[in-house]
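Here is a friendly walk through one protein chain, with an eye on helix packing, a cysteine pair and a few backbone details. Have the viewer open as you read.

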Amino acid sequence: MNWFKKKEKPQEPQHENVTRGLLIFAHPTTVIAVEELLRDEGYKIRVVSPPPAYRTGCDLSVEFPLEAEAAITELLNAVKLHPIDVVPITTEGMEPLHFVRKKWYGSKYLMVRAANMKITVDAETKIIVNISGGGCPDVPYLATTMIGKRLDEAPAPDEVGFSLCAYSLNTAREEMIRELGA
């Protein structure tokens, strides 16, 4: 009895304005070096988790403005930081995952998570009350050097640690400073 069912109009394909791309790398240390280089050169980039189809064992990629692709790839090739793939972010399934997330516990504590590393701060006093996550051997050292100190007095994790966990914790710390101030 589908005689009276209204026919649906076929949807016209949407032509999205593709403005961002992803640089895919094999190793997190390469992503960290690329991030520093591109920021120093003034590019508006961010480190993100790539979509599942583009994971290479490295859970980080660099999102960049697509109009700068030629200049960026030329720069990266000149310094021998070759991406294994450069892809435009074109569809819903291609969107990178949020690398940094924030969660308030009441109005007193803010936790910022970057990858698997988390930092929790008392928003009033700006004292670091907890650091957790990761699986790198320097995480306990990072925690002992930072917990109990004010956010502006604690050492930057990327200055006292050298792992992906230290990089992720430093990213979370920077977001915490943007959110609460130092």
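Please keep in mind that this is a predicted model.

Let's begin with the handedness of a helix pair: H1 and H2 cross in a right-handed sense. Helix H1 covers residues 28-40 and helix H2 covers residues 69-78, and the two pack at an angle of about 120° with their axes 11 Å apart. That angle makes H1 oblique to H2, because angles of 65 to 115 degrees would count as roughly perpendicular and those over 145 as roughly antiparallel. On the H1 side the contact uses Val34, Leu37 and Leu38, and these meet Ile72, Leu75 and Leu76 of H2. By residue class, the contact of H1 with H2 has six nonpolar members, no polar ones and no charged ones.

One of those H2 residues, Ile72, also appears among the neighbours of Phe64. Phe64 sits in strand S3, residues 61-65. Is Phe64 buried or exposed? With a relative accessible area of 0%, Phe64 is buried, since the cut-off for that class is under 20%. Leaving aside residues up to four places away in sequence, Phe64 touches Thr19, Arg20, Gly21, Leu22, Leu23, Lys44, Ile45, Glu69, Ile72 and Val86. Take Leu23 from that list: Phe64 and Leu23 are 41 residues apart in sequence, while their C-alpha atoms are 7.6 Å apart in space.

Further along the chain there is another helix pair to look at. H3 and H5 have axes that come within 10 Å and cross at roughly 35°. Their crossing is right-handed. H3 contributes Val139, Leu142 and Met146 to the contact, and H5 contributes Cys165, Ala166, Leu169 and Arg173. Here the residues divide into six nonpolar, no polar and one charged. The charged one is Arg173, because Arg belongs to the charged class.

Cys165, a member of that contact, has a further role in the model. How many disulfides does the model contain? The count comes to one. Cys136 and Cys165 form it, with their sulfur atoms 2.3 Å apart. The S-S torsion of Cys136 and Cys165 is about 75°, so this disulfide is right-handed. The pair joins distant parts of the chain, 29 residues apart: Cys136 is in the loop between strand S8 (128-133) and helix H3 (139-146), and Cys165 is in helix H5 (residues 164-180). Both cysteines are listed with their burial below, next to Phe64 and two loop residues.

| Residue | Relative accessible area | Class |
|---|---|---|
| Phe64 | 0% | buried |
| Cys165 | 7% | buried |
| Cys136 | 19% | buried |
| Ala115 | 30% | partly exposed |
| Lys80 | 64% | exposed |

The value of 19% puts Cys136 in the buried class because that class takes residues under 20%.

The two loop residues in the table deserve a look at their backbone. Lys80 has a phi near 60°, a positive value in a residue other than glycine. Lys80 lies in the loop between H2 and strand S4 (85-88). Where is Ala115? Ala115 is in the loop between strand S6 (109-114) and strand S7 (117-122). Its phi is near 55°, again positive in a residue other than glycine. As for accessibility, Lys80 counts as exposed at 64%, whereas Ala115 counts as partly exposed at 30%.

Technical notes. Residues numbered from 1 in each chain as written. Predicted model: local features only at pLDDT ≥ 70, side-chain atom pairs only at ≥ 80, totals over all residues. Heavy atoms only, no water. Axes fitted to C-alpha atoms, helices over the stretch in contact; angles between N-to-C directions. Helix = DSSP H or I, 4+ residues; strand = E, 2+ residues; numbered from the N terminus. Parallel < 35°, antiparallel > 145°, perpendicular 65-115°, else oblique. Left-handed = near helix turned anticlockwise from the far one by under 90°. Contact = heavy atoms within 4.5 Å. Disulfide = S-S within 2.5 Å. Buried < 20%, exposed > 50% of the residue type's maximum accessible area, 1.4 Å probe, protein only.
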